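Here is a friendly walk through one protein model, written for someone who works at the bench. Keep the structure open beside the text and look up each residue as it comes along.

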Amino acid sequence: MIATSFLEISARAYRQNIRYIRSEIGPKTVISAVVKGNAYGHGIQQMVEVVEKAGIRHFSTFSSDEAWEVLKYSKKKSEIMIMGMLYPEELADLIKAGISFYVFDFQRLELAVTISKSLGIPGKIHIELETGFHRTGFEWSSRERLAKALLADSSHISLEGLCTHFAGAESISNFVRVKSQIEVYLRFREYFTQKEVLFKKYHTACSAATLVFPETIMDMVRIGIAGYGFWPTKETFYAKLHSLPKANKNPLKRLITWKSTVMSIKQVKKGEFIGYGNSFMALNNMRLAIVPVGYGHGYSRLLSNQGQVLIGGQYCQVVGTVMMNAIALNITKLKNIEVGDEVVLIGKQGNKEITVASFSESTQQVNYELLTRLPKDIPRKVIS
Ligand SMILES: *Cc1c(COP(=O)(O)O)cnc(C)c1O
């Protein structure tokens, strides 16, 4: 089977992004590569290879299925950490495999202790704290019970981490909220230290927090979006501009290129409507290239009459509505375009470039969402 489009993943771009993050965090802090959401659409299999080649030995996933996938492809015995979902019946296998996981309520804690005891293997747990994100995490009011439980069971479990997650460190409008979360975290940490409940790693920062709130860096940072070469928001980029290694030069490089080919070329007469419905009428005689990528492949319908791609080194506009499996592009002004020619949906062709950001601005989708919507079955290839 040959697919209708392809993704290329640049290992070199990832190394560059990690060099930049490293320059921000110093030599000692561990970088955990966040690979949830099929590695933000890049593919877990491909990213495990890319990440390990960049020298990183720690992965974060949302759920256990992703953790098993990382384990399957890891060649370097990297650490794997689950930040969210797992089923109780899987805990024994996860503990045996040495995969660590977040514990955010007493139920999961008790289960982890019971299973660790019966296996005789200390489960590796990260205690997640509620500091103001209000998703998961132990409440401040439960600190005493938690400290007691952890002390009582300390010989059966391994306290890998004390962690939390910030609600919107990528936007200055959340400044007060994030600052208050940092304070709550530090109060918890102080409390546990006084009770002599000590953890191997203290970790709180995602990409935006790492870049904008350096006090959140601690023993480990959990880097998702920046590793893939995107600023969490424009604001984070502006916040860093003055301190970039090379003045005003963006140190983050996109890894992903999305390519397809021209499937068919068609002439349309002035006055004809293009595609479904009547959203686009040809005002002149036009020539169109039909490309076999549609909303069923993650090319959003919101890009109807909006999106652009590169063909023959030139920008071409999407005309009409995005279909399930295809789009029509205006190539009236281009010469010598043939069936089979390369089409770039995201990435560079010649000296022009389609960025994911330009995409998302036109559809109000954030980078994260567009990337994770790229279907799993588009072939992905790592390039060096
Ligand atoms: C997704 C996630 C991250 C990574 O966030 P980025 O903004 O992509 O760097 C870090 N920590 C937790 C708990 C997450 O869910």
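The second largest cavity has a volume of about 30 Å³. Its lining is made by Tyr14, Ala33, Val34, Val35, Met47, Val51, Ile223, Gly224, Gly227 and Tyr228. Two elements, β2 (30-34) and α3 (44-53), each give two or more residues to this lining. By class, the lining of the second largest cavity holds 8 nonpolar, 2 polar and no charged residues. Please keep in mind that everything here comes from a predicted model.

What about the largest cavity, and which residues line it? His58, Glu79, Ser100, His126, Glu160 and Lys201 do so. The volume of the largest cavity is about 50 Å³, and its lining counts no nonpolar, 3 polar and 3 charged residues. The structure holds 2 cavities of 30 Å³ or more.

An open site comes next. The second largest pocket has a volume of about 450 Å³. It is lined by 25 residues, of which Lys36, Tyr40, His165, Cys206 and Tyr368 are the closest to its centre. The elements that contribute two or more residues to the lining of this pocket are α2 (36-40) and α9 (207-212). Here is how the three linings divide by class.

| Site | Volume | Nonpolar | Polar | Charged |
|---|---|---|---|---|
| Largest cavity | about 50 Å³ | no residues | 3 residues | 3 residues |
| Second largest cavity | about 30 Å³ | 8 residues | 2 residues | no residues |
| Second largest pocket | about 450 Å³ | 15 residues | 5 residues | 5 residues |

Let us return to α3, one of the elements that line the second largest cavity. How many of the residues of α3 are buried? The helix is mostly covered, with 7 of its 10 residues buried. They are Ile44, Gln46, Met47, Val48, Val50, Val51 and Glu52. Met47 and Val51 also belong to the lining of the second largest cavity. After α3 comes glycine 55, which has a positive phi near 90 degrees.

Helix α6 is worth a look as well. With 14 residues (106-119) at 1.5 Å a residue, α6 should span 20 Å, and its end C-alpha atoms are indeed 20 Å apart, so the two values agree. Phe106, Arg108, Leu109, Ala112, Val113, Ile115 and Ser116 are buried in α6. The cover over these buried residues includes the helices α5 (91-96) and α7 (143-152), together with the strands β5 (100-103), β6 (123-128) and β7 (157-163). Just after α6, glycine 120 takes a positive phi of about 75 degrees.

Now for some backbone angles in loops. Most residues other than glycine have a negative phi. Asparagine 305, although not a glycine, has a positive phi of about 55 degrees. It sits in the loop between β12 (286-291) and β13 (308-311). Asparagine 336 is not a glycine either, and its phi is positive at about 60 degrees. The loop between β15 (327-330) and β16 (342-349) holds asparagine 336.

Are these asparagines buried or exposed? Asparagine 305 has a relative accessibility of 24%, so it counts as partly exposed. Asparagine 336 has 70% relative accessibility and therefore counts as exposed.

Finally, the overall layout. The domain assignment of the protein gives domain 1 (11-243) and domain 2 (256-354). The C-alpha centres of domain 1 and domain 2 are 41 Å apart.

How values were computed. Residues numbered from 1 in each chain as written. Predicted model: local features only at pLDDT ≥ 70, side-chain atom pairs only at ≥ 80, totals over all residues. Heavy atoms only, no water. Domains from an automatic or database assignment. 1 Å grid on protein atoms, 1.4 Å probe; cavity = no way out; pocket = protein on both sides within 12 Å on 5 of 7 lines; lining within 4 Å. Points joined across faces, edges and corners; volume = space filled by probe spheres on them. Nonpolar A, V, L, I, M, F, W, Y, C, P; charged D, E, K, R; others polar. Helix = DSSP H or I, 4+ residues; strand = E, 2+ residues; numbered from the N terminus. Expected span 1.5 Å × (residues − 1). Buried < 20%, exposed > 50% of the residue type's maximum accessible area, 1.4 Å probe, protein only. Contact = heavy atoms within 4.5 Å.
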